[in-house]
Amino acid sequence: LRARTDVIIGRGGYITNKMSEIYYRSDAMHHVLGYLARRFPEWAEGSDLDAIGAEMRATLPSNDTDNLSTCIPNLVASRAANRLNLRGTAYTVDAACASSLLAVEHAVGRLLDG
């Protein structure tokens, strides 16, 4: 019978490149296209603005699970446990600068509990 192995990761809630990209994809891109529509009203009627938006979106990586795992901290632990079929608890703790220390404390506690 295969043993259960937990995955406990300590990670602070710091802004990553992926989080910045998600902001750009959702909010900043909307604002840029809105500005261009106001600045160049003739573009709003035609397909110029749509083409610019499509070109901007094409420069961004896809929003698949592999790319989003750095943006959603608990995905890292769950995906590692799933891919390796570890069958144990998988979660991420966030305690800012003490995240790794808290993860070690949780891991030791889980080991002591059997």
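Axes here are lines fitted to C-alpha atoms, for helices over the stretch in contact, and angles run from 0 to 180 degrees between N-to-C directions. With that in hand, welcome to a short tour of this predicted model. The stops are a helix pair, a pocket and the helix that helps to line the pocket.

**The α1 and α3 pair**
- Helix α1, residues 17-39, packs against helix α3, residues 48-58, at an angle of about 155°, and their axes lie 11 Å apart.
- Since angles over 145 degrees count as roughly antiparallel, that makes α1 roughly antiparallel to α3.
- The two helices, α1 and α3, cross in a right-handed sense.

**The largest pocket**
- The largest pocket holds about 210 Å³ of space.
- Its lining is made up of Arg4, Thr5, Asp6, Ile8, Ala107, Arg110, Leu111 and Gly114.
- By type, the lining residues are three nonpolar, two polar and three charged.
- β1 (5-10) and α6 (99-112) each contribute at least two residues to this lining.

**Helix α6 and what follows**
- α6 runs for 14 residues and spans 20 Å from its first C-alpha to its last, close to the 20 Å expected at 1.5 Å a residue.
- After α6 comes glycine 114, with a positive phi near 90°.
- Gly114 is also one of the residues lining the largest pocket.

Definitions and conventions
Residues numbered from 1 in each chain as written. Predicted model: local features only at pLDDT ≥ 70, side-chain atom pairs only at ≥ 80, totals over all residues. Heavy atoms only, no water. 1 Å grid on protein atoms, 1.4 Å probe; cavity = no way out; pocket = protein on both sides within 12 Å on 5 of 7 lines; lining within 4 Å. Points joined across faces, edges and corners; volume = space filled by probe spheres on them. Helix = DSSP H or I, 4+ residues; strand = E, 2+ residues; numbered from the N terminus. Nonpolar A, V, L, I, M, F, W, Y, C, P; charged D, E, K, R; others polar. Expected span 1.5 Å × (residues − 1). Parallel < 35°, antiparallel > 145°, perpendicular 65-115°, else oblique. Left-handed = near helix turned anticlockwise from the far one by under 90°.
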